[in-house]
Amino acid sequence: MTISDPIADMLTRIRNAIMARHDSVLIPTSRMKLSIASILREEGFINDYEVLRGKPHRVIKIYLKYGDKNQSVLSGLERVSKPGLRVHVQRKEIPRVYGGLGIAILSTSKGVMIGQQAWRQGVGGELLCNVW
């Protein structure tokens, strides 16, 4: 079965696993998903991730992060650019998510990065998702 929007599928799997209080979630792998998982780990939204080599396909195992009183560190994931409507932003149009408490993830000509990093490097790109 093919998925029309793999990034939205990844975000939905993470969101569902958090609501069910799972420790980890398995996601089919791609380079874009690995880049997003790497950013989520660097920014402290997840504990870690690893690539598992399965028989038919490789999968990413994302270890979710919970704080005090079993509250998730990730409180929201929102897909912005969709296959039917791509959203591109210039450097000066990069949004601040929740006043700087969240991050915007962009796909730029210099790779996948957070909005603040793209702004510092002076590049824009496709606004993939917002995380807070």
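**Close-up views of a predicted model**

**View 1. The largest pocket has a volume of about 290 Å³.** The model shown here and in the other views is predicted. Pro95, Arg96, Gly100, Gly115 and Gln116 are the closest to the pocket centre, out of 13 lining residues. Two elements give two or more residues each to the lining: strand 6 (103-108) and helix 3 (115-121). Helix 3 supplies the largest share, with three residues. By residue class, the lining divides into seven nonpolar, four polar and two charged. Gly100 and Gly115, both among the residues closest to the centre, count as polar in this tally because Gly is grouped with the polar residues. Pro95 falls in the nonpolar group, and Arg96 in the charged one.

**View 2. Tyr98 and Trp132 form an aromatic pair.** The structure holds one such pair. The ring centres lie 5.0 Å apart, and the planes meet at 45 degrees. The pair is therefore tilted, since planes under 30 degrees apart would count as stacked and those over 60 as edge-to-face. The two partners come from distant parts of the chain, 34 residues apart. Tyr98 sits in the loop between strand 5 (88-89) and strand 6. Trp132 belongs to the segment after strand 8 (125-131). Which accessibility class does each ring residue fall into? Tyr98 is exposed, at 54% relative accessible area. Trp132 is partly exposed, at 23%.

**View 3. The charged end of Arg91 sits over the ring of Trp119.** The distance from this charged end to the ring centre is 4.3 Å. Trp119 falls within the span of helix 3 (115-121).

**View 4. Arg21 has a positive phi without being a glycine.** Most residues other than glycine have a negative phi. At Arg21 the angle is about 60 degrees. Where along the chain does Arg21 lie? Arg21 is in the loop between helix 1 (6-19) and strand 1 (24-28). Its relative accessible area is 38%, so Arg21 is partly exposed.

**View 5. Lys69 is another non-glycine residue with a positive phi.** Here phi is about 55 degrees. Lys69 lies in the loop that runs between strand 3 (58-64) and strand 4 (77-79). Is Lys69 buried or exposed? Lys69 counts as exposed, because its relative accessibility is 83% and the class begins over 50%.

Notes
Residues numbered from 1 in each chain as written. Predicted model: local features only at pLDDT ≥ 70, side-chain atom pairs only at ≥ 80, totals over all residues. Heavy atoms only, no water. Helix = DSSP H or I, 4+ residues; strand = E, 2+ residues; numbered from the N terminus. Buried < 20%, exposed > 50% of the residue type's maximum accessible area, 1.4 Å probe, protein only. 1 Å grid on protein atoms, 1.4 Å probe; cavity = no way out; pocket = protein on both sides within 12 Å on 5 of 7 lines; lining within 4 Å. Points joined across faces, edges and corners; volume = space filled by probe spheres on them. Phe/Tyr/Trp six-rings, centres within 6.5 Å; stacked < 30°, edge-to-face > 60°. Lys NZ or Arg CZ within 6 Å of the ring centre and 35° of its normal.
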